[in-house]
Amino acid sequence: MNMRAQSRAVAVLGPTNTGKTHYAIERMLAHRTGVIGLPLRLLAREVYDRIRTLRGPDVVALITGEERIVPDRTQYWVCTVEAMPLEIGADFVAVDEIQLCADADRGHVFTDRLLHARGLHETLFMGSDTMRGAIAALVPGVFFQRRERLSQLGYAGSKKLSRMPARSAIVGFSVENVYAIAELIRRQKGGCAVVMGALSPRTRNAQVDLYQNGDVDYLVATDAIGMGLNLDIKHVAFSATRKFDGRRMRDLGADELAQIAGRAGRHMSAGTFGVTSEARPMSDDTIEAIESHRFAPVKKLQWRNAALEFGTAARLIASLERHATDDWLTRVRDAEDLLALKALTDDPEVASRLQGPQDVRLLWDVCRIPDFRGISPTEHAGLLARIYGFVHDSGRIPAEWLARNVARIDRTDGDIDALSRRLAFVRTWTYVAQRRGWVDDESHWRDATRAVEDRLSDALHARLTQRFVDRRTSVLMRRLKQKESLVAEVNDKGEVTVEGQLIGRMEGFRFRPDRTASPDEARTLRQAAQAVLVPHFHLRADRMYNAPDTEFELTEQGGLMWGTDAVGKLAAGADAMRPQAEAFVDDEAGPDVAEKVRRRLQHFIDRKVAALFEPLLAMSRDEALTGLARGFAFQMVEAMGIVPREKVAQDVRALDQDARGSLRKHGVRFGQFTVFLPLLLKPAPTRLRLVLASLHAGRSEFPESPPPGLVTIPNVAEVPPEDYLLAGYRPAGQRAIRVDMLERLADLLRPQDSRAGFEATPDMLSITGLTLEQFADLMAGLGYAAERGERVKQPAPEPAASAPTKPETDVPAHAASETDAPEAAKDTPEVATESAPDTTTSEGAPPAEAVAPEATVADAASTPAPESTGSEAEAVPVIAAEADSESAAPAGTHETPTEAVADPAAEMEVYFTFTWAPRPRRGAGRSDRRGDRSERGERPARGDKPAQADGARGAKPGKQGGKPRKDKPAGDRRSVPGKGKDQRPDRAATYSSGPRKSDRIDPDNPFAAALMGLRDKT
């Protein structure tokens, strides 16, 4: 306690090139023991080599995630911040680049060191002056030292790569960008060195030596050079001021730009910074902040709870997700190790091994293995689960398994990308070999993995030098300058200039010449431009080929865009879901460029189709689907995931429950109106479906997809109905409703008494997002009659003690859905289940309450099914019995008393009563239906078919009971084979416009169901 109380905490703050790291090394060597934490493995290796030179190899240790060099008489420990050994009780502790406490990915590690890492005698924090307030608030009794920059730093504006001065570093923020710039520098300047954080220390040192020795005058690097690497750089040029931080593209802050720009002008030499390539010029405020080293102070530090609880996996996750109580601290977003922990705890095989705290602690140690490979989170979780199983069950990773994995990557053939991937893979095994107790003969495996890394590093250095250092190109450029030949250039806007004169513009991979030049001038200028256009075409093709899919876009008209440039289009292939890519490339670029561009576009569209239509493709490849189920799956694939139910009514009825279950496993939903895959209703699959279907149909103009998130859209007469279906909508009246929301609406309509009449509920209006009048028009399009009325607006009723009980004979509308009794009884539970709200509907709409399947089955079982009298394309609900509207309507039917006289001063409200009112199917009835719609000014009945379940027949009268309806001819009766023309079938669900039968069965009779069944048999 006394020794800790005497510990002195010092914060050495200031801009770059102030000698902070050098000061920390001097202070550490002044103590008997010390630990210094550095932000990068490369920087840790550099500091280790310096101390090793000063004090010898026997007293200094190097600990990183992939390296562990610990002599027996270690006094000084050089580590990455994550690997700092805080339990050894060193006299001196230092943490460099402490401003990384605010970093979204690694900030919680630096914050933990700021709060808890202390030396017995002295503690040193080095970093930017933006951390002064945070350190003063979180470290009691800290002393501050302000250090000034040793040299001047100024802004030099924008420079083209062709005019970049010697001893310059060009900074990119992706591997593809770094390689593209390095290739251009090689062709124009003769060569460059490449430095990236992903390189091994051995490769990085070899590349730095290439630059420092003067073999090349240019360095192309990522932002890794901003963390303490001391190089002879006079000018730093940013090729971009935006970067992908692992989650999104974002602009770099002024303090981040200053950290990198500060590498120029080391020690007492002045330096400059600027932009190049496609980077936009910096704002005046940013320039002023960098030159004066004044930045906004850090307000929040990333933090994660360090007091972990290992009782159970759930308690460990809860402790990691605990929120901070200090205003300076904010909980870090879920890091890579926490995401891996959650994934593994969901694995039943891993969860079965978690029997105690020691098992949970081991699982956490395994989850902290970094994802060096970067393939996918699922692939990384699978590797961690395998390692955990080995260490948990046998205490060691099998030597044979580890040897096979190491041998698989111990190859030095291949290009730069292949070698870089192998280096990333070997880092995983190097990290595993550093863990104590995980492998037998730890020393052997550390040496073996280190040897493989060294061989791959040497091979990668050789490939980088071979590709980006070209002596002959350098000599050629000097000769061109001596002859004063014309030099053509292409700027970041694609403008091609020769001797400062505009001769044309590059659009993607096509050159558009300027029409203002005379023919003779144009010929000379084009010959001069050709020298730069050909390599520029190759450079662009390389950049495009290595660009991520996020840079490409498929337009709604089938065009292929790379950034803002149109580089190709889609052409119809043999299959609708296998389109072919056509590239827009000038002949001057050559066949190699054209093929590379076409191949890259084909990769993009193939991956896009595979990703967005993955449920369909998985269903088409499922060998377990046989017979009718396989045929139905083929129809779903052909229709790209959306089929009207009436179109496949026969096939749906033919499917047994096992077949339907196998299709449901692939996400197929058998809705009341539509059979579809909810995942394919999302905006991206919808846009792609419209493009592919239109392309396969040979259309010259493709329909545009509706804006995302809309439940209903206008039903435009000029738009074909099949376009609405491809977009995931069903026309109904003046609007079209999204098919998944239509199924949710059907769930709400099913329990309503559509014969006696019902009003729209708030839930119905809420899920459709319509006004009451618009909803009435929508219901009319679905086959309901809407009766408008007005009444005195009543105050909100008091909460009821209990809900009234429905009569047993009041069967909900749409309870049964098939045309014959056995099919209706069999498919009713399926309709109720499949029409339930789907949790995977697009845009994350909240699911509505559906009718309980058990209740639907019970009601339907006591209801006789109607006879099939119409075509298979239309379906109508089944009713329970031919009862008077007065006896069938439950209490609370929406009727307005005619005796009531409204107070003139009272507030009135408009309401609609909806009843089932199907239109005639054929003959004069069909003409009358169209005529009715024409009189109302509505569109022809395109989406008005009341398609309930598969081909159910019969009709449901409204409030008129069995009385003749005014809107239907009195002589329009349906005949039954074998009976007279004017006879009607003695079935409960058959509609007739004649008088009500006198032998009515009282629905209140307890034997009503039995009597109805007996009547049907007779």
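In what sense, parallel or antiparallel, do strand β3 (residues 60–63) and β4 pair, and over how many bridges? In this predicted model, β3 and β4 pair in the antiparallel sense, and two bridges link them. Within that pairing, Ile63 stands opposite Arg68 in β4, a position the reader can look up in the structure above.

These two strands belong to an open sheet of eight strands, whose order is β4-β3-β5-β2-β6-β7-β1-β8 and whose pairing is mixed. The edges of this sheet are held by β4 (68–69) and β8 (143–146), and because each of them has a single partner strand, one side of each is left without a neighbour in the sheet. Helix α2 (residues 20–29) packs on this sheet, where it touches β1 (8–13), β2 (34–38), β5 (76–80), β6 (92–95), β7 (122–127) and β8, and the direction of α2 makes about 170 degrees with that of β7. In general, the strands of a sheet pair through backbone hydrogen bonds, and they do so either parallel or antiparallel.

Parallel pairing can be followed at strand β16 (residues 271–275), which is mostly covered, since four of its five residues are buried. Strand β9 (residues 153–158) pairs with β16 in the parallel sense over four bridges, and here Gly154 stands opposite Thr272 in β16. Strand β13 (residues 235–238) likewise pairs with β16 in the parallel sense, over four bridges, and in this case Ala237 stands opposite Gly274 in β16.

Another open sheet has three strands in the order β27-β29-β28, and its pairing is antiparallel. Its edge strands are β27 (642–644) and β28 (669–670), each of which pairs on one side only. Between β28 and strand β29 (residues 674–676) there are two bridges in the antiparallel sense, and Arg669 stands opposite Phe676 in β29. Helix α27 (residues 739–749) packs on this sheet and touches β28 and β29, with a direction that makes about 130 degrees with that of β29.

From the sheets we can turn to a single helix, α7 (residues 201–212), which has 12 residues and reaches 16 Å from its first C-alpha to its last, close to the 16 Å expected at 1.5 Å a residue. Its buried residues are Pro201, Thr203, Arg204, Gln207, Val208, Leu210 and Tyr211, and these pack against α3 (41–55), β10 (168–171), β11 (193–195), β12 (218–221) and α17 (442–468). Just after α7, Gly214 takes a positive phi of about 90 degrees.

The strand β10 also helps to locate Ser174, which is found in the loop between β10 and α6 (175–189). With a relative accessible area of 28%, Ser174 is partly exposed, because a residue counts as buried under 20% and as exposed over 50%. Although Ser174 and Thr222 are 48 residues apart along the chain, their C-alpha atoms are separated by 7.1 Å.

Aromatic side chains offer a further way to read the model. A pair of aromatic rings is described by the distance of the centres and the angle of the planes. If a pair is counted when the ring centres lie within 6.5 Å, the count comes to 14 aromatic pairs. One of them is formed by Trp401 and Trp429, which are arranged edge-to-face at 5.5 Å centre to centre, with 90 degrees between the planes. Because Trp401 lies in helix α15 (residues 399–409) and Trp429 in helix α16 (residues 416–434), the pair ties together parts that are 28 residues apart in sequence. Trp401 counts as buried at 9% relative accessibility, and Trp429 is also buried, with a relative accessible area of 6%. Elsewhere, Phe758, Phe775, Tyr784, Phe912, Phe914 and Trp916 form one aromatic cluster.

Charged side chains can also sit over such rings. Arg147 lies over the face of Tyr23, at 5.2 Å from the ring centre, while Arg435 lies over the face of Tyr431, at 4.1 Å from the ring centre.

Finally, these local views can be set against the whole protein, which contains 34 helices and 34 strands. Of its 1018 residues, 51% are buried. Among contacts between residues at least 6 apart in sequence, 71% join residues at least 24 apart.

Terms used
Residues are numbered from 1 along each chain as its sequence is written. This is a predicted model: local features need pLDDT of at least 70, side-chain atom pairs count only at pLDDT 80 or more; totals for chains, interfaces and linings use all residues. Side-chain values use heavy atoms; hydrogens and water are left out. Rings of Phe, Tyr and Trp (its six-membered ring) pair if their centres lie within 6.5 Å; planes under 30 degrees apart count as stacked, over 60 as edge-to-face and the rest as tilted. Buried means under 20% relative accessible area, exposed over 50%, partly exposed in between (1.4 Å probe, protein chains only). A charge sits over a ring if NZ of Lys or CZ of Arg is within 6 Å of the ring centre and within 35 degrees of the ring normal. The expected span of a helix is 1.5 Å times one less than its number of residues. Contact means heavy atoms within 4.5 Å. Two strands pair if DSSP finds at least two bridges between them. Axes are lines fitted to C-alpha atoms, for helices over the stretch in contact, and angles run from 0 to 180 degrees between N-to-C directions.
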